[in-house]
Amino acid sequence: MTAGVHAGKVALITGSSRGIGRTLALTLAREGASVVVNYKKNAELAEQVAKEIEQIGGPAIAVAADMEQPADIDRLFDATAERFGRLDYFVSNAAASAFKLIDDLRVHHLDRSYALNVRAFVLGAQRAVQLMPAGGRIVAITSYGAANAFPTYAALGSAKAAVEAWVRYMALEFAGRGVNVNAVNGGLIDSDSLEYFYNVPGMAPIETVLSKIPKGRPGTVQEMADAIAFLLGPASSYITGQTLVVDGGLSIAVPPYLGDLTAPLAPS
């Protein structure tokens with residue numbers, strides 16, 4: 001194991017069998033952290049991540065827990081306490097929702113979006129701080145729909161906005177315990193979730209959005225993981241209650257778009 005900036009730390013990452021969560025788990029492990037890999041259904045993928053972490057040199061366990069279920073959340077943190085005795089990092093990454101126009105949202109869509117994205121974060125943070133007697137870090141993963149509006153994203157975007165509000169309140173109340181709480185707000189990140197969203201029937205082609213991003217491309221899961229790892233590490237010790245936006249400039253670009261200009265203003 002590398003004696004890196006996360007050496008000796010214990011991290012719990014929800015939804016870490018794939019995507020951003022998996023990449024973050026391996027990133028932290030390469031810097032010396034032990035990791036609790038959480039998954040809902042795919043035990044094979046989660047065990048593979050845990051095995052990769054062990055091959056790097058760090059301890060890891062894979063724990064099945066449906067973050068929509070409070071009893072499962074308790075079981076996840078109980079397993080963490082039993083195996084490691086404490087926690088340094090809690091990353092709330094698991095997310096899901098219904099991508100539907102507001103008129104088509106039903107009660108079960110709203111209930112699930114709240115339970116998985118908001119309630120799970122709050123309940124998880126409550127358990128996490130109990131395992132952080134010497135202080136720690138909490139990071140929630142949100143998205144650019146938290147501060148912007150676009151079709152079919154109302155249920156998830158409003159939930160992520162609520163999470164960012166909870167981050168500010170938690171930062172205030174947990175600061176005295178030495179716990180920093182922040183969010184990482186991702187734009188278009190090249191992951192399974194992005195592919196799923198842009199495959200919703202009737203959705204605009206992703207190319208129409210990529211052309212509006214100043215960086216001209218989607219972000220990578222490694223770029224998201226690196227941003228999260230920064231907020232977990234010692235270099236961010238005086239940062240709390242903030243939302244770090246990782247979107248290639250998407251959220252700051254508004255009409256008229258640079259790519260729509262013509263001569264003599266068009267960039268060469």
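**Reading salt bridges in a predicted model**

Biologist: Is Glu-52 buried or exposed, or something between?

Modeller: Glu-52 has a relative accessible area of 21% and is partly exposed; buried means under 20%, exposed over 50%, and partly exposed in between (1.4 Å probe, protein chains only). This is a predicted model, where local features need pLDDT of at least 70 and side-chain atom pairs count only at pLDDT 80 or more, while totals for chains, interfaces and linings use all residues. Residues are numbered from 1 along each chain as its sequence is written, and side-chain values use heavy atoms, leaving out hydrogens and water.

Biologist: Which side chain meets that of Glu-52 in a salt bridge?

Modeller: A salt bridge is a side-chain nitrogen of Lys or Arg within 4 Å of a carboxyl oxygen of Asp or Glu. Here Arg-22 is the partner of Glu-52, at 2.8 Å from N to O. Arg-22 lies in helix H1 (residues 19–30) and Glu-52 in helix H2 (residues 43–56), so the pair ties together parts 30 residues apart in sequence. Helices are DSSP runs (H or I, at least four residues), numbered from the N terminus. Arg-22 is partly exposed too, at 27%.

Biologist: Where do Asp-72 and Arg-75 sit?

Modeller: Both are in helix H3 (residues 70–84), three residues and about one helical turn apart. Their side chains form a salt bridge at 3.2 Å, N to O. Asp-72 is buried at 18%, whereas Arg-75 is partly exposed at 40%.

Biologist: How many salt bridges does the whole structure hold?

Modeller: The search finds eleven. Among them, Glu-223 pairs with Arg-217 at 2.8 Å, N to O. Lys-40, Asp-66, Glu-68 and Arg-112 are linked in a network of salt bridges.

Notes:
Helices (H or I, at least four residues) and strands (E, at least two) are DSSP runs, numbered from the N terminus.
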